[in-house]
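Grab your viewer and a scratchpad: here are a few exercises to work through by hand. Try each one before you read the solution.

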Amino acid sequence: MNQKALFIIFGGTGDLAYRKLYPALFNLYEKGYLKEDFAVIGTARRPWSNDHYHEVVMSAIEDAGRDSGRTNDDLPRKFANHFYYQSHNVDDVDHYVALRKLADELDEKYQLEGNRIFYLAMAPRFFGTIAGHLKDQQLLTDGDGFNRLIIEKPFGRDYPSAKELNDSISGSFKEEQIFRIDHYLGKEPIQSIAGLRFGNALFNSLWNKEHIDNIQITLAESLGVEERAGYYETAGAMRDMVQNHIMQIVSLLTMERPDVFDPSHLREKKIEAVENIQMYSKEEVDQNFVRGQYGEDEFKTQLAYRDEEGTDDNSQIETFVAGKLITHNPSLDGVPIYIRTGKRLTKKSTQVNIVFKNNDKNIFSDNPDEKLETNVLTMHIEPDQGFTLEFNTKTGNQGYKLSPVHLRYRKTAAEKARIPDAYEGLIRDALAGDKTNFAHWHEVAQAWKIMDVVRNTWDAETPDFPNYVSGSMGPQAADDLLTRDGREWVFNPRK
Ligand code: NAP
């Protein structure tokens, strides 16, 4: 369905707007989800003209490679004509007066019925100021139109700062008007988790503590910090990947089945799931969490993290985290969830492994100690997308011996190319008012509380970094975490 709205993008000259937002909006326009009744105001301090802004928007579309194969070459220009640039310093009240005037004019011109989406593509320290001025200067429409706020991570550095940030916007926008982007929730393989679990009697009936032994989540990167050292030195792997993306995946994997698959039921179950993750004491953090920082590779061809441009020579920032979480959600009560993320690991892969229990007696062997291979369901999230199911079968031998086989489903390159980019899907959802794939404040808050205990424990001690070789799968302690429990990581590209 076509949606009419005025987008006001704060940070319209920035990287996020250029690389993600303009191409995503263009795709929605090309597919007819945005028709002619929409307008975009881009704001930032730079004194750009509308004409220059149109050129920037068209070049963003071209750079994103979205124009290949298009039959209508005029489309990017037609699209860019809906864009208006307003030079604006977010601290200056007068600028909001001018912004309101332009917004009202465009509302009238395009018949937008007061529907407004405010996209804060700017550093979070500006969120409170912008939200306050939007309300005070009456940029929020009253009447039947909607007012929605889209914000980007990071949502704070810890629970207190996240709460402060949330309080600073919640005076102007209610929770149902706030769309917190965690772009992992915009990825189709992540959205598929609920479908796989609740749309298949096979998995639905097995998704419980009687049948699942443990769950493993790996977000492995083969690259180092690259040009993000400035940001990474203040964040580290815990804040960059665990508190947000991994915790969202944890809640999708452990939540109870909602009665109805709609945003409010789903949100309720996801909040419950994250609230049912066991909070650790400091001693338990030491036992259950491992941090690491990469050193050189074994041939000394890659730099250690501390030698990368822009990092501190004595940096104590972690580039690797592994941990064991325990869920107390009723169906999976007590099931361990092993999580792992890091830079400069052996191979890039994001995947989830569901390891099933393997307690049955092996009736196919004379040796009572000979175990059958464990059944594992792997969800491949990136770069591969699809599933693998490992199970045992008779494989053409004499007698009756079982061997493991892999049942694989992988999306083809053509199928992957048809999947909308995460931002396209998320902006479309925000336009439709669908909050299924956005993070609720209670989820964000609880994830911080769980991670703060780990962070505070770590910050009280000096780590012995670097402690893993580039190209490995992280520190030995990350393997020991599972060995101690009589388990091992399923994803092990070094094997
Ligand atoms: P960026 O390239 O540095 O852009 C910042 C924008 O803010 C620029 O348009 C800048 O324009 C504007 N700005 C700064 N101070 C201003 C002021 N006082 N008044 C008005 N405008 C001001 O940053 P970004 O990479 O786009 O990131 C924006 C936010 O998204 C950050 O919070 C980031 O963490 C988050 N994020 C970014 C990405 C990404 O892929 N880039 C991904 C996920 C999350 P002027 O200099 O012209 O004022």
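The exercises below deal with a predicted model.

**Exercise 1. Work out the strand order of the open sheet of 8 strands, and say which strands stand at its edges.**

Solution.
- Step 1: Walk across the sheet; the order reads E8-E10-E11-E7-E12-E13-E14-E15, and the pairing is mixed.
- Step 2: Look at the ends. Strand E8 (289–292) and E15 each have a single partner strand, so one side of each lacks a neighbour in the sheet. Those two are the edge strands.
- Step 3: Add the twist, which averages 15 degrees from one strand to the next.

**Exercise 2. Find how E7 pairs with E12 and with E11, parallel or antiparallel.**

Solution.
- Step 1: Take the E12 side. The pairing with E7 is antiparallel, over 8 bridges; Ile212 has Phe356 in E12 as its bridge partner.
- Step 2: Now the E11 side. Here E7 pairs in the parallel sense over 6 bridges, and Leu219 is matched with Thr341 in E11.
- Step 3: Check the cover on E7: 8 of its 9 residues are buried.
- Step 4: Carry on to E10 (residues 320–326), which runs antiparallel to E11 (residues 336–342) with 7 bridges joining them. Lys324 sits opposite Tyr338 in E11.

**Exercise 3. Identify what helix H9 and helix H14 pack against.**

Solution.
- Step 1: Helix H9 (residues 229–254) packs on the sheet, and the strands it touches include E7 (212–220), E12 (349–356) and E13 (376–382). Its direction makes about 145 degrees with that of E11.
- Step 2: Helix H14 (residues 441–459) lies across E8 and E10, at about 60 degrees to E8.

**Exercise 4. Decide whether Asp286 is buried, partly exposed or exposed, and list its contacts beyond four places in sequence.**

Solution.
- Step 1: Locate Asp286: helix H11 (residues 282–288).
- Step 2: Its relative accessibility is 47%, so Asp286 counts as partly exposed.
- Step 3: Skip the neighbours within four places in sequence, and Asp286 touches Thr457 and Glu461.
- Step 4: Compare sequence with space for Thr457. The two residues are 171 residues apart along the chain, yet their C-alpha atoms are 7.9 Å apart.

**Exercise 5. Which residues form a nonpolar surface patch with Tyr400?**

Solution.
- Step 1: Place Tyr400 in the loop between strand E14 (386–394) and strand E15 (402–410).
- Step 2: With 48% relative accessibility, Tyr400 is classed as partly exposed.
- Step 3: Its patch mates are Ile363 and Phe364; together the three have about 340 Å² of accessible area.

Terms used
Residues are numbered from 1 along each chain as its sequence is written. This is a predicted model: local features need pLDDT of at least 70, side-chain atom pairs count only at pLDDT 80 or more; totals for chains, interfaces and linings use all residues. Side-chain values use heavy atoms; hydrogens and water are left out. Patches are made of residues with over 30% relative accessible area and no salt bridge: like charges are joined within 9 Å, nonpolar side chains (Val, Leu, Ile, Met, Phe, Trp, Tyr) within 5 Å. Accessible areas come from the Shrake-Rupley method with a 1.4 Å probe; for residues, only the protein chains shown count as cover. A salt bridge is a side-chain nitrogen of Lys or Arg within 4 Å of a carboxyl oxygen of Asp or Glu. Helices (H or I, at least four residues) and strands (E, at least two) are DSSP runs, numbered from the N terminus. Buried means under 20% relative accessible area, exposed over 50%, partly exposed in between (1.4 Å probe, protein chains only). Two strands pair if DSSP finds at least two bridges between them. Axes are lines fitted to C-alpha atoms, for helices over the stretch in contact, and angles run from 0 to 180 degrees between N-to-C directions. Contact means heavy atoms within 4.5 Å.
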